[in-house]
Amino acid sequence: MGDAVKAALIEQFDSRESAVPETRHAAVKLTRPDIAQRQMLFALLVENRIRPSALHDLGDLAREHNIEIDPAWIESSLSPWMELGWFTTSRPLKGHMLAAIKPAHYVDALRVVMEWLGASELMIDGKKEEVTADIPPPVDIPLRSGWKWMSFAPDAPAAEPDEQMLVPLDGNDPELASIRQNLQDAVERVRGDNALENREAVLASLSQANNLLSRRELAYLQLKVGVLMAIDDAVAMAGEWSQKTLLEAIRASAVELIRRLLGFS
């Protein structure tokens with residue numbers, strides 16, 4: 001996401017009217033619209049790690065994540081990012097709009113939330129039902145019931161590289177070429193298997209990883225989230241697919257490649 005777009009979003013949040021409209025339920029303190037917007041975005045990030053291929057009813061999303069948003073705001077809560085094409089949406093005849101973050105824009109959405117929270121590290125683990133970050137639990141981020149927020153010191157010895165650090169990719173690197181070839185093979189196998197559940201979502205994740213690895217350089221955050229998390233999603237969504245071991249092998253190879261590129265091996 002470009003700096004100009006990010007600045008525009010931040011300016012929009014900071015200048016938004018903060019007054020809360022009157023409501024018949026006077027006992028419920030509603031969240032400011034600008035905060036509620038980003039809470040909804042964070043909730044979709046969490047749901048992406050739980051059910052990567054699912055569309056989510058925005059009304060149910062607010063309730064499940066304990067977001068005190070006025071019902072009148074729900075439909076427009078994601079409008080700043082809707083205009084950027086970050087979501088897959090569906091509008092049923094009844095109820096609220098359904099939405100999910102597109103795999104290609106997960107990094108963009110995560111970056112918006114991290115900048116808002118002032119976090120330099122933030123990982124969402126749908127299996128462990130926890131969020132891990134280098135900041136204490138934010139007051140403005142209500143979690144799903146049963147979820148935990150795990151904090152660690154930003155100056156911990158095992159700190160990762162700067163997320164904006166550019167990592168060059170050599171198109172002649174045989175290890176990189178092998179991973180890209182295996183990704184292309186996996187895409188073709190997935191595309192040809194009509195019995196695979198979540199086929200389109202698996203295809204989207206694999207294609208995203210392959211497209212990113214075709215560039216001359218990537219930011220570390222893109223490698224970590226755009227490539228590794230995309231492959232993780234594909235592995236998770238493949239379920240009991242007979243050729244899932246190919247995806248797992250690609251994931252292991254990508255981890256080793258990134259470690260080498262960063263000088264860890």
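In what order do the 3 strands of the open sheet run, and is their pairing parallel or antiparallel? In this predicted model, the order is 1-3-2 and the pairing is antiparallel. Strand 1 (56-57) and strand 2 (87-90) sit at the edges with a single partner strand each, so one side of each has no neighbour in the sheet. Helix 2 (residues 33-50) packs on this sheet and touches strand 1, strand 2 and strand 3, its direction making about 70° with that of strand 3.

The pairings themselves are easy to trace. Strand 2 is joined to strand 3 (residues 98-101) by 4 bridges, and the two run antiparallel. Within that ladder, T88 has A100 as its bridge partner, while T89 is bridged to A99. On the other side of the sheet order, 2 bridges hold strand 1 to strand 3, again in the antiparallel sense. Here H56 stands opposite A99. A99 thus turns up in both pairings, as the partner of T89 and as the residue facing H56. As a general point, strands of a sheet pair through backbone hydrogen bonds, whether parallel or antiparallel.

S90 is worth a look too, as a residue of strand 2. Its relative accessibility is 30%, so S90 counts as partly exposed. Setting aside neighbours within four places in sequence, S90 is in contact with L55, M97 and L98. Its C-alpha atom is separated by 9.3 Å from that of A100, a residue 10 places away along the chain.

Zooming out, the chain has 10 helices and 8 strands. Of its 265 residues, 46% count as buried. Contacts reach well along the sequence: among those between residues at least 6 apart, 59% join residues at least 24 apart. The accessible surface adds up to about 13700 Å², and carbon and sulfur atoms account for 50% of that.

The aromatic residues give some concrete examples of what is packed inside. The structure holds 2 aromatic pairs. F42 and W149 form a tilted pair, at 6.4 Å centre to centre and with 35° between the planes. This pair links distant parts of the chain, as F42 belongs to helix 2 and W149 to strand 6 (residues 148-151), 107 residues apart. Both F42 and W149 are buried. W81 and W86 make a stacked pair instead, with 6.5 Å from centre to centre and 20° between the planes. Buried status applies here as well: W81 has a relative accessible area of 0%, and W86 comes in at 3%. Under the 20% cut-off for burial, both values qualify W81 and W86 as buried.

A ring also features in a charge contact. The charged end of R49 sits over the ring of Y106, 5.1 Å from its centre. R49 falls within the span of helix 2, residues 33-50.

Further along, strand 4 (residues 122-125) shows a neat alternation of side chains. L122 and I124 point to one face and are buried, whereas M123 and D125 point to the other face and are not buried. Strand 4 pairs with strand 5 (residues 130-133) in the antiparallel sense over 4 bridges. One of the pairings puts M123 across from T132, its bridge partner in strand 5. The two strands form a hairpin with 4 residues between them, and E129 in the turn has a positive phi of about 55°.

Most residues other than glycine have a negative phi. Against that background, a couple of asparagines stand out. N66 has a phi near 60°, a positive value in a residue other than glycine. The residue lies in the loop between helix 3 (58-64) and helix 4 (71-74), and N66 is partly exposed with a relative accessible area of 41%. N198 likewise has a positive phi, of about 65°, although it is not a glycine. The loop that holds N198 runs between helix 7 (174-191) and helix 8 (199-213). At a relative accessible area of 29%, N198 is partly exposed.

Technical notes. Residues numbered from 1 in each chain as written. Predicted model: local features only at pLDDT ≥ 70, side-chain atom pairs only at ≥ 80, totals over all residues. Heavy atoms only, no water. Pairing = 2+ DSSP bridges. Contact = heavy atoms within 4.5 Å. Axes fitted to C-alpha atoms, helices over the stretch in contact; angles between N-to-C directions. Buried < 20%, exposed > 50% of the residue type's maximum accessible area, 1.4 Å probe, protein only. Areas by Shrake-Rupley, 256 points an atom, 1.4 Å probe, with all protein chains shown as cover. Phe/Tyr/Trp six-rings, centres within 6.5 Å; stacked < 30°, edge-to-face > 60°. Lys NZ or Arg CZ within 6 Å of the ring centre and 35° of its normal.
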